Amino acid sequence: MKHLISIEDLTKQEILKILDKAEEFEDVALGIRKCRILEGKILANLFFEPSTRTRISFETAMKRLGGEVVNISAQEASSIAKGETLADTIKVVSNYCDAIVIRHFLEGAARFAAENSAVPVINAGDGAGQHPTQTLLDLYTIRKECRKLEKLSIALVGDLKYSRTIHSLIKALTLFNSKIYLISPEILSLPEDFLEELNGNFQKARLEEVIEEIDVLYVTRIQKERFLDEEEYRKVAGSYRITPQVVEKLKSDAIILHPLPRVDEIDIKVDKMRQARYFKQAFYGVPVRMAILSEVMQ
Amino acid sequence: MKERELVVSKIREGTVIDHIPAGKAFLVLKILRIDEKTKETVSMALNVPSKKMGKKDIVKVEGLFIKEDELNKIALIAPNATINMIKDYEIEKKFKVKLPEIVQGILRCPNKMCISNTKEPITSIFYIKAENGDVIAKCHYCGKKIKKIAEFLI
């Protein structure tokens with residue numbers, strides 16, 4: 001049985017296989033072509049943390065492939081309110097469906113869920129841990145929009161400490177010989193032990209030093225919900241902002257990505273500039289998740 | 001051998017753990033789950049002069065042949081420990097502990113947001129490796145690394 005818990009569970013070849021498959025599903029995601037390969041299958045969306053786009057894009061992906069979806073959120077699930085363990089919830093739900101998508105506020109929850117599940121489990125984000133499906137759609141977007149994945153110069157901006165999106169993406173980028181610039185307020189820099197483990201071309205930088213060189217500007221939100229101390233959050237909130245003046249310094253074929261939702265780190269005036277690709281990136285979530293669902297369920 | 005005989009008497013049958021870094025003997029017992037509730041007689045020598053180590057600790061557990069897998073867990077805090085299995089006052093087997101690749105249920109993850117620190121029916125699992133002479137444990141669930149292993153023994 002295949003689970004997708006961490007991007008590290010996939011080889012470079014497996015990643016490329018999913019991206020190629022997503023490419024085949026793009027017209028299905030757009031509603032141009034019909035495809036019913038998951039007809040008769042049921043996906044359980046198990047969300048212990050609020051989510052909009054990840055949940056909806058999984059739901060859309062499943063339905064575009066002819067499957068059905070049941071949504072269970074922590075607020076609705078009476079068993080969870082009654083104190084049922086995650087292990088028991090998974091044992092029960094996995095008997096009702098063909099695959100589980102889980103988002104949880106605790107790190108390692110998806111791996112633990114997989115150990116208790118009778119069906120494949122897909123991690124849709126576990127606390128500040130991993131978010132492999134976001135990484136796959138990020139890689140897909142970069143490959144589509146930059147027309148290559150190898151040897152790109154990529155700046156990661158914002159919350160590098162708590163952002164699971166960043167943690168997953170960095171691991172994947174090391175497979176593609178990227179030059180990675182880490183740009184963040186000091187208290188949100190990438191954890192040291194995380195960096196120690198990676199063999200890659202990393203460099204802490206300031207955006208103005210590298211802006212003319214980079215191919216991809218990947219911006220993240222400072223996540224208020226990950227701060228235990230609100231005072232700490234206030235110190236860094238709004239500490240960086242991508243404005244049209246900043247974007248004008250980028251190469252004309254560079255791209256700006258953001259996992260969304262944004263707060264104020266990208267000025268809405270940037271949305272109309274040619275480098276802005278974050279809404280396209282959000283769309284690519286559907287074909288990529290179609291590829292993942294078909295991979296684990298077929 | 002004489003050196004040890006001076007500080008702790010010989011045992012007839014059981015396990016002798018030698019070359020424990022000074023001050024770590026109690027942690028060795030903790031790893032082996034030996035405490036006041038277990039029935040074996042345990043004798044310890046602390047701060048024994050040692051040519052190789054300067055000072056060392058020694059633990060003798062009488063009447064118990066501890067399994068090799070269990071003993072290898074000692075390598076987490078005493079990578080150079082040697083084991084002597086004693087029968088009829090003689091050394092029947094002698095070996096050096098080997099760092100296990102994986103340990104279950106003996107370390108606590110320092111990450112408060114790790115699923116392994118909850119009331120779930122879960123046993124902690126850590127992957128062990130030596131890095132630049134240090135022993136590093138990595139949580140199977142959240143990936144958090146532990147460098148000061150002694151602080152996180154359950």
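A residue is called buried when its relative accessible area is under 20%. By that yardstick, B:Phe126 is as clear a case as one could ask for, because its relative accessible area is 0%. This is a predicted model, so everything below describes the model itself.

B:Phe126 sits in strand β7 of chain B, which runs over residues 125–131. What does this residue touch, once its neighbours within four places in sequence are set aside? The list takes in B:Glu101, B:Ile102 and B:Val103, then B:Leu107, B:Arg108 and B:Cys109, and further along the chain B:Ala137, B:Lys138, B:Cys139, B:Lys144 and B:Ile146. Not every part of chain B comes together in this way: B:Glu92 is 34 residues from B:Phe126 along the chain, and their C-alpha atoms are separated by 32 Å.

Next comes the place where the two chains meet. Here, 16 residues of chain B are in contact with 15 residues of chain A. The size of an interface is often given as the accessible area lost when the parts come together. For chain B and chain A that area is about 1,400 Å², with carbon and sulfur atoms giving 51% of it. On the chain B side, three residues stand out: B:Met113, B:Ile115 and B:Tyr141 supply 36% of the area that chain B buries against chain A, more than any other three residues.

B:Tyr141 deserves a look of its own. It lies in the loop between β8 (134–139) and β9 (145–146) of chain B. B:Tyr141 counts as buried because its relative accessibility is 7%, under the 20% cut-off. Its contacts, again without residues up to four places away in sequence, reach into both chains. From chain A come A:Glu107, A:Gly108, A:Arg111, A:Phe112 and A:Glu115, while chain B adds B:Cys114, B:Ile115, B:Ser116, B:Ile122, B:Thr123 and B:Ile125. With one of these partners, A:Glu115, the side chain of B:Tyr141 makes a side-chain polar contact of 2.6 Å. B:Asp35, by comparison, is 106 residues from B:Tyr141 in sequence and 29 Å from it in space, C-alpha to C-alpha.

Now for the helices of chain A. Two packed helices are described by the angle between their axes and the distance between the axes. Helix α12 (278–297) is a handy one to follow, since two packings involve it. Helix α1, residues 12–29, crosses α12(A) at roughly 120°, and the two axes come within 7 Å. The crossing is right-handed. On the α1(A) side the contact is made by A:Lys17, A:Ile18, A:Lys21, A:Ala22, A:Phe25, A:Glu26, A:Val28 and A:Ala29, and the residues of α12(A) that face them include A:Phe283, A:Tyr284, A:Pro287, A:Met290 and A:Ile292. Sorted by class, this contact has 13 nonpolar residues, one polar and four charged.

Helix α6(A) packs on α12(A) as well, at an angle of about 115° and with the axes 8 Å apart. This crossing, too, is right-handed. Among the α6(A) residues involved are A:Leu136, A:Leu137, A:Tyr140 and A:Lys144, and among those of α12(A) are A:Gln281, A:Tyr284, A:Val288 and A:Arg289. The mix of classes here is six nonpolar, five polar and five charged residues.

What about α7(A): is this helix enclosed or open? It is largely enclosed by the rest of the structure, because ten of its ten residues are buried. Those residues include A:Arg164, A:His167 and A:Lys171 alongside A:Ile166, A:Leu169 and A:Leu173.

The loops of chain A have their own points of interest. In the loop between β9 and α12 lies A:His258, which counts as buried because its relative accessibility is 1%. Its side chain joins that of A:Glu265 through a polar contact of 2.7 Å. A:His258 also touches A:Val219, A:Thr220, A:Arg221, A:Ile266, A:Tyr278 and A:Gln281. The loop between β9 and α12 also holds A:Pro261, and the peptide bond that joins A:Leu260 to A:Pro261 is cis, with omega about 5°.

Two other loop residues have a positive phi without being glycine. A:Arg147, in the loop between α6 and β5, has phi near 60°, and A:Asn177, in the loop between α7 and β6, has phi of about 50°. A:Arg147 is exposed, because its relative accessible area is 68%, whereas A:Asn177, at 47%, counts as partly exposed.

Terms used: Residues numbered from 1 in each chain as written. Chains lettered and ligands numbered in written order. Predicted model: local features only at pLDDT ≥ 70, side-chain atom pairs only at ≥ 80, totals over all residues. Heavy atoms only, no water. Helix = DSSP H or I, 4+ residues; strand = E, 2+ residues; numbered from the N terminus. Buried < 20%, exposed > 50% of the residue type's maximum accessible area, 1.4 Å probe, protein only. Axes fitted to C-alpha atoms, helices over the stretch in contact; angles between N-to-C directions. Left-handed = near helix turned anticlockwise from the far one by under 90°. Contact = heavy atoms within 4.5 Å. Nonpolar A, V, L, I, M, F, W, Y, C, P; charged D, E, K, R; others polar. Polar contact = N/O pair within 3.5 Å; in protein donor to acceptor, adjacent residues only side chain to side chain. Buried area = accessible area lost by both parts, 1.4 Å probe.
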